[in-house]
Amino acid sequence: MKKWFPLLLVFMAVLTSLPGTAMAKPPYMTSYYDSNQSSWFRIQPIYRPAGAISADFGEPADLDIAADDRVYIADKKKDRIAVLNPDGTLLRTIGDAEGQGQLSGPEGVYVTPDNEVYVADSGNQRIAVFDGSGRFQREYKKPETPLLGSEHFVPVKLVVDRRGVMYIQLNSSYQGLVRLNPKGEFMGYFGANKADQSMLNWLKKLVLNKEQLSKEKGALPKPITNVAIDPDGFVYTATAGGEGKGAIRKLNAGGVDAFKNKTLVNGHGIVDVAVDPEGFLYNIDLDSMSINLYDRSGEAMFEFGDIDKETQQYGVLGYPTGIGIDSDHAIWISDSGTNTVHKYVRTAFGSSALQALALYAEGKYEESKPYWEAVYARNDMYNGTFQGLGKVFLHEDRNDEALSYMKAAFDTDGYSKAFWQIRMEWLQRHFVALVAGLAAVMLALYFGYRLIRWFLRRRPLPASWKEPLAYIRNLGYVLIHPYEGFYKIKEARIPAWITISLLLLVIGIKLCRVYLTGFLFHPVDLSEVNLMKELGLFALPWVTWIIANYLVCSIKDGEGRFREVIQGSVYALSPYVFFSVPTILLSNIASLDEAVIIHALNTIMTVWLLVMFIVMTQVIHNFDFLETLKNSAISVFAILTIWMFGFIIFGLSYNLYDFFYELYKEVNIYH
C-alpha cells in the first residue's frame, strides 16, 4: 500500500493542475417581468456580451444599423461617422477633412434602406446626407418659415421614412419633432409630448385670477430624448422622466400614439429605443441601469445588463447613448462613457424564448410549441413557458393541461377559457344528474327543516338554551331588520362566549375567502399567503373602528357603552358572513364571463356593511340620522389619526431598537 501512496499523490497533483471548465457568466443579472404578478424574477441570461469595439472612438453619440448589418456610429468628438462591418472591424469613416462634407460634432445618424446616410450635424446646424460610399450629396439647413420662429436649428437625432420625409429632434426642443420633406421644406411639428399638470398648477388655477395666471410661466412638455422608426412607418419617440409615462410612444403618420401614453416599466431614464424584425422593442434606461425588452404593445418582458460610469468591465456599460438591432437580433450600443461600441448576442435560451414569444404574439401557437418545449427544457420555472404552452394546449383542445399551465402562469384570462370549455363539456355529460342532484338537495333541505321543527316540538330544548340561541339567530335577523335587531342587543348583556363565537365565525369565513375562493377571483399561490398579514389587515379596521366610534360618540353624548359597541360591531359583520358563502361557491364555478355576478355580490356586501355600521351607531348611541352621519365621518377621521400615530410610534420604536442594537454590537466588537 505504501508504494502506491506516492503515485496517488502525483495523480492528484496532475488533476489539480489541469485547466478547469470555462464558465462564461455575464457580469450582470437577467430578469423577466411577470405581468400577471407585476413582479420581476431572476432568470438565466438571454443575451451575453460578444464584443466591445473601440475603433479609436472619441465620443460615440449615436448609432444606426443598415439593412446589410453594417453599423454606423456618430463620433461627436472626432467629427465623423465610423462604419463597422458586422464582425466589428472598421470599414471606413464618413466625413471630409474640409468642404461641404466636413462634419462638426455629429450627434445622430440614420441609414435608409438604399444606404443613404443622414447625419444630424449638430455643430454645423444642418442635416448632411452622404451616399453609401461616404460621398457628400446634399444638406438641409433651417427652412425659411416663420413657424420655426427664433428656435435654433440644432439637430441631434433623426429618422427618415420611406417617402424621404425627415423627423428631426432639435436640441432641447419641447415642441416635438420637426418634419422636413425631401426638398427641405417645413411640414410642421410632430409628436410633441403633453405638458404634465402638477397639483401646484391645479391649485394656482383655483386661487389666482386671470391677470395673475397670465404672468405665471406655463408648464412645458418634456423634450423628446430620441427617435426610431420601424419598417411599417411607425415613429417611436423616447422621452425620459415622468416615471415612465409616455416614455415610448408609437406614432402613426397622423401623430396618434398606439400605446396611448402608457406608463412604461423601466422607462424613467430612457436613452434610446430600437425595434427588431419581430416588432419587439429595446431600450436603455439610466434609472434602472439596464437594457430592457418589450413586446409589441410595450409590455415589459426582460431586463439585463448594468451601467456603471466608473466601469472597466467587459459587458458593463459606462454611459450609453444609442441602441440598434441587426438582422441576427444582436444588440449594438454606443457608449460615450467607455468610448466603445458594445455588442450583445442571444444565448441559446434567449433565442428559443424570444422566438417562442414572437410566434406566440402572431397567434402561431402550434409553431411556437417546439420553442416553448426547448425553453422548458432549460428552465421549468419561467412563467412565460407555462403561458405559451397553456395557449398551445388550449388550441389543441387539451383543456385539462391548459388549465394546469395557465394556473402556473397566473394567467386568469387563459385559465378562464380552459375552465369554460371543461365546464361546458362536464355539463353536457352530467346535465341530467346535476338537475336531479339539485332537486334532491332542495328536497332534503325542505324536509330536513320540517323534520327538525317536528322533532323540536316533540322534544323541546332546555330553557337554558333559549336565550343563547336567540342571540345567535339574531345574527341573521339583524341582516334583514337592522333597526329591530340592534335594538334587541342594545341593552342585552350577551354572554362573552357568544360574542367570541360569532367573531370566530367571521374569522373562519375570512379564512375560507382566502383559501377557498376560486383561482379566477383570487389568483395567488396559496403557499405564499401571509396568513397573519391577511388577518391583521382584516381585523385592524374593525378594531380601530370600535375604539374610534366609542371615543367619538362618548364625547358627542352617545349612550352606547364600550361593551355594546363591541357587540354591535360584531353583529354588523353579518353581511360579510351571509354574502361570503354564495360568493365563495360561485367563484369556483364561474368563469370571467360571469365575473359581473361575483363583483355585484361583493359590491352589495360592501354597501350593506356600511349601512349596518351606520345603523348600529345610530341605535346603540341613540343619535338622530344626521348626527349619526356626522359622528361616523368623525370616527373615520379618528381611525386615520390612530393609524398615523401608530405608524409614527412604530417608526420611532424601530429606530430606538436599531440604536441600542448597533450600540450593543459596537460594545461587543471593542470588548
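What distance separates the centres of domain 1 and domain 3, taken over C-alpha atoms? In this predicted model, the two centres lie 55 Å apart. The chain as a whole is divided into three parts: domain 1 is made up of residues 30-209 together with 219-346, domain 2 covers 363-460, and domain 3 spans 464-657.

A good place to look next is an open sheet of four strands, whose order is β4-β5-β6-β7 and whose pairing is antiparallel. The edges of this sheet are taken by β4 (60-65) and β7 (90-94); each has a single partner strand, so one side of each is left without a neighbour in the sheet. On average, neighbouring strands here are turned by 20° against each other, with direction ignored. For β4, the pairing with strand β5 (residues 71-75) is antiparallel and runs over five bridges. Within this pair, Leu63 is found opposite Ile73 of β5.

Further along the chain, strands β8 and β9 form a hairpin, with five residues between them. The turn includes Asn115, which has a positive phi of about 70°. Four bridges join β8 to strand β9 (residues 117-121), again in the antiparallel sense, and Val109 has Val119 in β9 as its bridge partner.

Which residues of strand β8 are buried on one side, and which on the other? Gly108 and Tyr110 lie on one side of this strand (residues 108-111), while Val109 and Val111 lie on the other, and all of them are buried. Both faces of β8 are thus covered, and Val109, the residue bridged to Val119, belongs to this buried set.

Note on methods
Residues are numbered from 1 along each chain as its sequence is written. This is a predicted model: local features need pLDDT of at least 70, side-chain atom pairs count only at pLDDT 80 or more; totals for chains, interfaces and linings use all residues. Side-chain values use heavy atoms; hydrogens and water are left out. Domain bounds come from an automatic or database domain assignment. Two strands pair if DSSP finds at least two bridges between them. Helices (H or I, at least four residues) and strands (E, at least two) are DSSP runs, numbered from the N terminus. Axes are lines fitted to C-alpha atoms, for helices over the stretch in contact, and angles run from 0 to 180 degrees between N-to-C directions. Buried means under 20% relative accessible area, exposed over 50%, partly exposed in between (1.4 Å probe, protein chains only).
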